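Reader: Hey, can you walk me through this one? I'd like to start with the ligand and then go inside.

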Amino acid sequence: MQLLAINGSPHKAGNTVALINELMRGANENNHHGEIVHLVDLHLDYCNWCGKCWNETPGICPINDGFMTHMEKVLKADILVVATPSSTRSVTGYMKNWLDRLCNSQLNYQVSSNKQVTMKSRLPIGKRAILIVQGCTELFQETIEPMNVVMAALEIPVIERIIIKKVGLTDEDTVGKRPEVMKQVYNAGKRLK
Ligand SMILES: Cc1cc2nc3c(=O)[nH]c(=O)nc-3n(C[C@H](O)[C@H](O)[C@H](O)COP(=O)(O)O)c2cc1C
């Protein structure tokens, strides 16, 4: 199986990436492979609600910023590992923007003449997701909710939700120094079938 991990942290070697790497290590043991995309490297523009991806060029975002090239990887992936630190109780701005761009372009949203709204994912069926959120507090409902909403809208079943609390209050709390946390994510990768 092909994994694609999306790192929503501005840090390319922080707690989020440490968790992703450990999950990938578990997955590799069963011959599943993949790569990490650091959203900070993509420099994605915001969705400007031009609406072209809905009807004019269905599923194709016309913004010329590399998003559609990135989408080739998303389309190929069997498992999306969507990971973000908590920022102001929500996902980071990088992650929110990625979720917006993904959902707005890949959700077929139609309003019929009698004002019935139908929504259907444009993504190929069979994709699954693992969500990872972490941060220094114990409050993650608002952080994971935008990810839940987009996965549900795009009909991507979430097979694991990994929530790691109290990360990074001191140097001792970084995920790499918490063996039970590393084991949790490693096992999530190893369980993949
Ligand atoms: C600007 C900023 C805002 C943050 N907001 C929250 C927050 O609302 N809730 C929380 O639990 N942690 C919050 N944190 C802590 C980070 O989520 C935490 O340090 C996390 O481990 C960073 O992940 P990273 O190393 O992958 O970047 C915040 C950190 C920063 C720098």
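Author: Here is a short chat about the ligand shell, one residue and the core. This is a predicted model, where local features need pLDDT of at least 70, side-chain atom pairs count only at pLDDT 80 or more, and totals for chains, interfaces and linings use all residues. Residues are numbered from 1 along each chain as its sequence is written.

Reader: Ok, which residues come nearest the ligand?

Author: Gly 14, Thr 16, Pro 85, Gly 135 and Thr 137, out of 16 residues around it. A residue is near if its C-beta atom, placed from the backbone, lies within 6 Å of the molecule.

Reader: And how does that shell divide into nonpolar, polar and charged?

Author: Three nonpolar, 12 polar and one charged. Here Ala, Val, Leu, Ile, Met, Phe, Trp, Tyr, Cys and Pro count as nonpolar, Asp, Glu, Lys and Arg as charged, and the others, Gly among them, as polar.

Reader: Switching topic: is Asn 7 buried or exposed?

Author: Asn 7 is buried, because 27 other C-beta atoms lie within 10 Å, and the cut-off for buried is 20 or more (exposed is 12 or fewer, partly exposed in between; C-beta atoms are placed from the backbone).

Reader: What does Asn 7 contact further along the sequence?

Author: Leaving aside neighbours within four places, its contacts include Thr 16, His 38 and Ala 83. Contact means C-beta atoms, placed from the backbone, within 7 Å.

Reader: How far is Asn 7 from Pro 58?

Author: Their C-alpha atoms are separated by 27 Å, and the two are 51 residues apart along the chain.

Key:
Contact = placed C-beta atoms within 7 Å.
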